[in-house]
Amino acid sequence: MGDNHIHYYAIGQLHRIYTKTLIHRGVGAIKQTTILLIKLIDRQCDQTSFELIRTYMGGFKAVFYNAFASLFGASLKKEYDPDVDDRLTERCILLIESGQM
């Protein structure tokens with residue numbers, strides 16, 4: 001439980017930070033937060049949201065939810081990439097986990 005608890009705590013901290021901006025920024029912030037949460041699920045579970053939905057709810061629902069997400073510019077198949085695309089997010093998570101943020 002120790003490592004998972006730290007990861008859930010980090011996700012919760014990021015969620016609180018982004019929730020404050022949602023109130024002020026509107027739909028664009030909701031879209032960004034949704035994309036971030038999709039990536040954090042991938043980081044935590046080491047599987048994309050699409051793979052998790054396909055495993056637990058079936059392929060049809062996974063395709064449906066991915067198509068719905070694409071209407072808002074998100075993809076459930078996008079993988080978390082801590083070295084390139086998601087460097088800043090990874091850095092924030094590491095700072096939160098180490099207690100520096």
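This is a guided tour of a predicted model, moving from one selection to the next and saying what is found at each stop.

**First stop: helix α3**

Begin by selecting helix α3, which spans residues 49-57, and colour Ser49, Phe50, Leu52 and Ile53, which are buried. Looking along the helix, you will find that these residues cover an arc of only 165° around the axis, which puts them on the same side of α3. Then step past the end of the helix to Gly58, the residue that follows α3, where phi is positive and near 105°.

**Second stop: where α3 meets α4**

Keep α3 on the screen and add α4, so that both helices can be viewed together. The two pack at an angle of about 145°, and their axes are 7 Å apart, while the crossing they make is right-handed. To display the contact itself, show Phe50, Ile53, Arg54 and Met57 on the α3 side, and on the α4 side Gly59, Lys61, Ala62, Val63, Tyr65 and Asn66. If you colour these residues of the α3 and α4 contact by character, they divide into 6 nonpolar, 2 polar and 2 charged. Phe50 and Ile53 deserve a second look here, since they belong to this contact and are also among the buried residues of α3.

**Third stop: Lys39 and its partner**

Now select Lys39, which lies in helix α2. Is Lys39 buried or exposed? Its relative accessible area is 14%, and because the limit for being buried is under 20%, Lys39 counts as buried. Leaving out residues up to four places away in sequence, Lys39 touches Lys78, Tyr80 and Asp86.

Among these neighbours, pick out Asp86, whose side chain meets that of Lys39 in a salt bridge, at 2.9 Å from N to O. This pair links distant parts of the chain, with Asp86 in the loop between α4 (59-70) and α5 (87-97) and Lys39 in helix α2 (residues 27-45), the two being 47 residues apart. Both partners, Asp86 and Lys39, are buried. In general, side chains of opposite charge can pair when their charged atoms come close.

**Fourth stop: the charged network around Arg43**

A search of the whole structure finds 4 salt bridges, and the next ones to display are those made by Arg43. Select Arg43 together with Glu90, which form a salt bridge whose closest N and O atoms are 2.8 Å apart. Arg43 lies in helix α2 and Glu90 in helix α5, so this pair ties together parts that are 47 residues apart in sequence. Glu90 has a relative accessibility of 14% and therefore counts as buried.

Add Glu97 to the selection, and you will see that its side chain also meets that of Arg43 in a salt bridge, with a distance of 4.0 Å from N to O. Because Glu97 lies in helix α5 and Arg43 in helix α2, this second pair ties together parts that are 54 residues apart in sequence. Glu97, at 27% relative accessibility, counts as partly exposed. Taken together, Arg43, Glu90 and Glu97 are joined into one network by salt bridges that share partners.

**Fifth stop: the two sides of α5**

With Glu90 still selected, widen the view to the whole of α5, where Thr89, Glu90, Cys92, Ile93 and Ile96 are buried. Seen down the axis of α5, these buried residues fall within an arc of 160°, so they line one face of the helix. Turn the view to the other side of α5, and there you will find Arg87, Leu88 and Arg91 exposed.

On the buried face, zoom in on Thr89, which counts as buried at 17% relative accessibility. Apart from residues up to four places away in sequence, Thr89 touches Leu36, Leu40 and Tyr80. Follow α5 to its end, and just after the helix you reach Gly99, which takes a positive phi of about 85°.

**Last stop: Pro82 in the loop**

Finally, select Pro82, which is found in the loop between α4 and α5 and counts as partly exposed at 31% relative accessibility. Which residues does Pro82 contact, leaving aside its neighbours within four places in sequence? They are Arg87 and Glu90. To return to the residue of the fourth stop, draw a distance from Pro82 to Arg43: the two are 39 residues apart in sequence and 8.7 Å apart in space, C-alpha to C-alpha.

Terms used:
Residues numbered from 1 in each chain as written. Predicted model: local features only at pLDDT ≥ 70, side-chain atom pairs only at ≥ 80, totals over all residues. Heavy atoms only, no water. Buried < 20%, exposed > 50% of the residue type's maximum accessible area, 1.4 Å probe, protein only. Helix = DSSP H or I, 4+ residues; strand = E, 2+ residues; numbered from the N terminus. Arc of directions from axis to C-beta. Contact = heavy atoms within 4.5 Å. Axes fitted to C-alpha atoms, helices over the stretch in contact; angles between N-to-C directions. Left-handed = near helix turned anticlockwise from the far one by under 90°. Nonpolar A, V, L, I, M, F, W, Y, C, P; charged D, E, K, R; others polar.
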